[in-house]
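Biologist: I'm new to this one. Could you take a close look at chain B for me and spell out your terms along the way?

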Amino acid sequence: MKVRVDRDKCRGHAQCVLIAPEVFDLGDDDRARVLAEAVPPGAEEAVEDAVIMCPEAAIEASRA
Amino acid sequence: MISVADRDLPRVDLLSAEYEEDPYAAFRAARERSWIARIGSGYGVLTNSDARAIMRHPDFRVTFAYVDPDISAYLHERSQSGLMAASADRHRRLRGVAVRALRPRVMDEMRPQMRAIIDELIDPVIGRGHCDIVRDLTDAFPARVMMPVLGVPLADVPRIDGWATDSVAIFDVSRLRAQAAQIEASGRAFEAYCRELIETRRGDPGPDLISELIRVQEEGEKLSESELLMLVVSLIPAAIDTTRGQLGFTLQALVAAPEQWAKLVADPGLAPRAVEEGLRYAPAISGIMHEAVRDTEYQDTLFPAGTLVGVYPRAVNRDPAVFTDPDTFDIDRDSTAHFTFGFGPHACLGAQLARVEMAEALAALARRVESWELAGKVTHTPMSSNGNRLSLPVTFTAVGA
């Protein structure tokens, strides 16, 4: 699974960081950044939750 | 360090006639003097950047501490058990459960149904050239969309209607005090209804969200019986009352700005922009309270533990530091830095769904109605509460008429 954050949409609610801290972090600009574009095994479900929960719909994930 | 109580600050009186007449002007006057104002027994943030900072601040948290047991032991207890008041771990778990239950209902698959509902609502009035946009058209829309998704019989909506409005009174400090007995009675009746509904769905489960939550609860671990009830009690009003209120305010702004409506008629694809600008310009929520969890310094000011600090979207969404010409409704602007859905870990769970619903409603209306003209006085519930039950009488010209 691959994941990306649209940093123009992101406002830094940081819900994704709470849900999947192994995949997302807040950058210096207070917007989310992806730690590893290829999602580590076992984190797929958390990433899917983050996609749904993002208040700005800023996260895209695709099954490779 | 000077304590916030000792600072010379402007005051905004939410119960004053001036505020009722124009809350935006009241906040604007205060913001010209300070980033923060005295409001009620607490304070209110007036600028966009400070709203963001307070809502991210580790020493401020969302609170319902003002729902004092003196007002109503029942409402106090209920406010403390809700999703907004949950501790971080519990909040994350419960929010995850609610969101996962929404997962199979892909929003894009719901769009045709949303459009069909607006058409059904407008068909009976389209030929007569006048209506109350809110009462005749949009008020029924969110319930018609969302009750089947939740697993609530549409026939129950008239009963639920008043309960849904009352249950949002938990955000409204002034109304809560003035009408505690009525709000408590309404809350108890709604809770009893939800208990019954859960048992009905348990005996006859469907593809709906409440049935899904029941399945999660019966699997154990993730959701207790009382948490299941709390989620149902929270989700039904959230799905009805907030969206219809926001749609009403957004349409009020669109009726008042015919050139903006004309843009939508020319291109209904602009509906998401109109939705976002409506959320910014005319939020259907008064404020979200936060409290200092310990003595906290912010902006060279001491906030003693327990100090209440509200974020009021009607103030911070009009901050000229972020929005050029903030008192102009303009669907072409970048409206996204508003706080109508809150911010951070407690930001609205249904934000995307609400956006899709409102955009489909506006686009469907723009395909049917060429122009609107106000045909009477706009009335609404007090602005000190959310103000979100509107009446919006208009005359209109149908497309192709």
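Modeller: Two strands count as paired if DSSP finds at least two bridges between them, and the strands themselves (E, at least two residues) and the helices (H or I, at least four) are DSSP runs numbered from the N terminus. What you see is a predicted model, where local features need pLDDT of at least 70 and side-chain atom pairs count only at pLDDT 80 or more, while totals for chains, interfaces and linings use all residues. Residues are numbered from 1 along each chain as its sequence is written, and chains are lettered from A and ligands numbered from 1 in the order in which they are written.

Let's start with a hairpin. Strand E2 (36-39) and strand E3 (42-45) of chain B are joined by 4 bridges and run antiparallel. Across that pairing, Ala37(B) sits opposite Gly44(B) of E3(B). There are 2 residues between the two strands, and Gly40(B) in this hairpin has a positive phi near 55°.

Now zoom out. The hairpin strands belong to an open sheet of 5 strands in chain B, ordered E2-E3-E9-E6-E4, with mixed pairing. At its edges are E2(B) and strand E4 (60-62) of chain B, each paired on one side only. From one strand to the next, the twist averages 35°; for such angles, axes are lines fitted to C-alpha atoms (for helices, over the stretch in contact), and the angle between N-to-C directions runs from 0 to 180 degrees. Over at the E4(B) edge, 3 bridges tie E4(B) to strand E6 (288-292) of chain B in the antiparallel sense, and Val62(B) has His290(B) in E6(B) as its bridge partner. Helix H3 (48-56) of chain B lies across E3, E4, E6 and strand E9 (308-311), at about 125° to E9(B).

There's another sheet to look at. In chain B, 3 strands make an open antiparallel sheet in the order E5-E13-E10. Strand E5 (130-132) and E10 of chain B are at the edges with a single partner strand each, so one side of each has no neighbour in the sheet. Direction ignored, neighbouring strands here are turned by 35° against each other on average. E10(B) and strand E13 (393-398) of chain B run antiparallel and share 5 bridges; one pair of bridge partners is Trp372(B) with Phe396(B) in E13(B).

E10(B) turns up again when we get to helix H14 (258-266) of chain B, where Gln260(B), Trp261(B) and Leu264(B) are buried. (Buried means that 20 or more other C-beta atoms lie within 10 Å of the residue's own; 12 or fewer makes it exposed, anything in between partly exposed, with C-beta atoms placed from the backbone.) Those three are on the same side of H14(B), because they span an arc of only 100° around the axis, the arc being that of the directions from the helix axis to the C-beta atoms. On the face turned away from that buried side, H14(B) carries the exposed residues Pro258(B), Glu259(B) and Ala266(B). The cover over the buried residues of H14(B) includes helix H13 (225-256), helix H15 (271-281), helix H17 (351-368) and strand E10 (369-374) of chain B.

Lys263(B) is also part of H14(B). With 18 other C-beta atoms within 10 Å, Lys263(B) is partly exposed. Leaving aside residues up to four places away in sequence, Lys263(B) touches Leu270(B) and Ile331(B), where a contact means C-beta atoms, placed from the backbone, within 7 Å.

Next, a helix pair. Helix H11 (180-203) and helix H12 (209-218) of chain B pack at about 80°, with axes 9 Å apart. That makes H11(B) and H12(B) roughly perpendicular (65 to 115 degrees; under 35 is roughly parallel, over 145 roughly antiparallel, the rest oblique). Leu197(B), Ile198(B), Arg201(B) and Arg202(B) of H11(B) meet Ile210(B), Ser211(B) and Ile214(B) of H12(B). Sorted by class, that contact has 4 nonpolar, 1 polar and 2 charged residues; Ala, Val, Leu, Ile, Met, Phe, Trp, Tyr, Cys and Pro count as nonpolar, Asp, Glu, Lys and Arg as charged, and the others, Gly among them, as polar.

Finally, the neighbour. The contact between the chains takes 14 residues from chain B and 9 from chain A. On the chain B side, helix H5 (88-102) and H17 each supply at least two residues, and H5(B) gives the largest share, 5 residues. By class, that side of chain B has 8 nonpolar, 3 polar and 3 charged residues.

Key:
Contact = placed C-beta atoms within 7 Å.
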